[in-house]
Amino acid sequence: MTTRVGILGATGAVGQRLIQLLDPHPEFEIACVTASDDSAGRPYGEAANWRIDVPMPDAVADLDVARTEPDAIPNDVPLLFSSLPSSVGERVEPPLCEAGYVVSSNSSNDRMAEDVPLTIPEVNGDHLDLIEVQRDSRGWDGALVKNPNCSTITAVPPLAALAEFGLETAHVATMQAVSGGGYSGVTSMEIIDNVLPHIGGEEEKVETEPTKLLGEFDGAAVQRHEVDIAASCNRVATVDGHLESVWADTAEDITADDAARAMRELPALDLHSSPDQFVEVFEEPDRPQPRLDRMVGGGMSVAAGGLRGTTHGVQFNCLAHNTLRGAAGASVLNGELLVERGWV
């Protein structure tokens with residue numbers, strides 16, 4: 001049986017990726033799309049400037065765009081995927097949850113709220129149990145679940161593999177694709193022949209979100225991991241795929257082979273969007289590369305490589321497709337887990 005779903009912010013870059021992933025999905029049926037008041041009331045095919053490299057689905061093109069508010073969304077659409085700007089998400093997502101909708105959100109607002117699950121299903125799917133705390137504290141019938149920032153999603157799975165060795169510190173240098181800034185983000189005059197060594201607010205997300213993702217849910221709250229993370233975030237002239245260099249220090253002595261084994265052994269899940277291999281580890285020292293490896297696992301795997309031992313741990317490079325695993329695909333995977341575990 002399929003679950004009827006809606007997409008909030010459906011005309012934007014991540015919203016279009018959500019449509020690409022959800023239209024052929026065997027478990028979900030797109031029944032509602034929302035956008036700004038400027039687009040509301042128009043057929044999606046007219047309202048959206050479609051930029052995905054596959055045709056716009058006919059069934060979605062014919063849907064009338066609704067306003068992003070509870071009264072405009074059908075009652076028989078229990079699950080909503082949100083790709084709203086955070087300034088809009090913080091205003092409209094809570095009323096939707098209060099009205100009984102479950103929202104799987106890519107928006108950055110409320111990611112670090114104490115009662116909001118921030119999840120990568122393969123890493124901390126048990127954090128969804130925080131929904132019970134959320135409902136009790138807020139009086140909601142629905143729920144709000146977040147996926148992390150696209151650069152956080154790239155680094156955290158390999159770091160999660162190193163937790164068994166006593167993960168203590170990590171230094172992360174990101175090389176982030178221009179698609180992460182959206183269609184109206186970085187201009188060609190800024191990025192061609194250039195690297196931008198600052199992305200507003202990005203470093204704080206990379207430094208804080210992993211402590212929640214790697215923490216333990218004790219039945220009442222998430223006890224955050226004590227790993228100390230420092231990040232430098234850079235925009236580079238690739239289209240898709242965030243490449244990151246990570247230096248991780250561990251309490252136990254560890255070799256590159258130990259780290260590679262632990263990364264390969266991270267379990268995948270039996271969900272439709274889950275890749276067969278969660279973290280794909282390359283032996284070649286010059287991999288992963290965005291152009292070659294961003295579509296590993298259909299764009300839903302994290303790739304790692306260049307592993308070498310250091311004085312206090314290991315250094316490695318990692319890569320994920322930032323609009324698939326890092327954004328739209330992450331929200332869809334969370335939605336699949338929500339349905340599987342009975343929260344929808």
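A residue counts as buried when its relative accessible area is under 20%, as exposed when that area is over 50%, and as partly exposed in between. That cut-off will be needed at several stops of this tour, which goes through a predicted model.

**The whole chain**

Begin with everything displayed. The protein's secondary structure comes to twelve helices and 14 strands, and its C-alpha atoms fill a box of roughly 60 × 50 × 35 Å along the principal axes. For 344 residues a compact globule would have a radius of gyration near 20 Å, and the 19 Å found for the protein agrees with that. If you colour by accessibility, buried residues make up 55% of the 344, while the protein as a whole exposes about 14300 Å², of which carbon and sulfur atoms supply 47%. Among contacts with a separation of 6 or more, 76% are between residues 24 or more positions apart.

**The six-stranded sheet**

Next, select the open sheet whose six strands follow the order S3-S2-S1-S4-S5-S6 with parallel pairing. Its edges are strand S3, residues 66-67, and strand S6, residues 143-146, each of which pairs on one side only. Moving to the S3 edge, select residues 28-35, which form strand S2; S2 runs parallel to S3 and is joined to it by two bridges. Here Thr34 can be picked out, standing opposite Ala66 in S3.

**Helices on the sheet**

Now add residues 13-22, helix H1, which lies across strand S1 (3-8), S2 and strand S4 (79-82) and runs at about 160° to S1. Then add helix H6, residues 130-138, which packs on the sheet and touches strand S5 (102-105) and S6, its direction making about 135° with that of S6.

**Salt bridges, starting within the sheet**

The structure holds 13 salt bridges, and three of the pairs are visited below. Show the side chains of Arg4 and Glu29, which meet in a salt bridge with an N to O distance of 3.5 Å. Because Glu29 lies in strand S2 and Arg4 in strand S1, the pair ties together parts that are 25 residues apart in sequence. Add Asp76 to the selection, since Arg4, Glu29 and Asp76 are linked in a network of salt bridges. How accessible are Glu29 and Arg4? Glu29 has 36% relative accessibility and therefore counts as partly exposed; Arg4, at 27%, counts as partly exposed because its value falls between the two limits given at the start.

**Two buried pairs farther along the chain**

Continue to Arg111 and Glu209, which form a salt bridge whose closest N and O atoms are 3.1 Å apart. Arg111 lies in the loop between S5 and helix H5 (121-124), and Glu209 lies in helix H9 (residues 202-213), so this pair ties together parts that are 98 residues apart in sequence. Are Arg111 and Glu209 buried or exposed? Both residues are buried.

For the last stop, keep helix H5 in view and select Glu122 together with Arg325, whose side chains meet in a salt bridge at 2.7 Å, N to O. Glu122 lies in helix H5 and Arg325 in helix H12 (residues 324-340), so the contact ties together parts that are 203 residues apart in sequence. Arg325 is buried, and Glu122 is buried as well.

Conventions:
Residues are numbered from 1 along each chain as its sequence is written. This is a predicted model: local features need pLDDT of at least 70, side-chain atom pairs count only at pLDDT 80 or more; totals for chains, interfaces and linings use all residues. Side-chain values use heavy atoms; hydrogens and water are left out. Two strands pair if DSSP finds at least two bridges between them. Helices (H or I, at least four residues) and strands (E, at least two) are DSSP runs, numbered from the N terminus. Contact means heavy atoms within 4.5 Å. Axes are lines fitted to C-alpha atoms, for helices over the stretch in contact, and angles run from 0 to 180 degrees between N-to-C directions. A salt bridge is a side-chain nitrogen of Lys or Arg within 4 Å of a carboxyl oxygen of Asp or Glu. Buried means under 20% relative accessible area, exposed over 50%, partly exposed in between (1.4 Å probe, protein chains only). The radius of gyration is taken over C-alpha atoms; the globule rule is 2.2 Å times the number of residues to the power 0.38. Accessible areas come from the Shrake-Rupley method with a 1.4 Å probe; for residues, only the protein chains shown count as cover.
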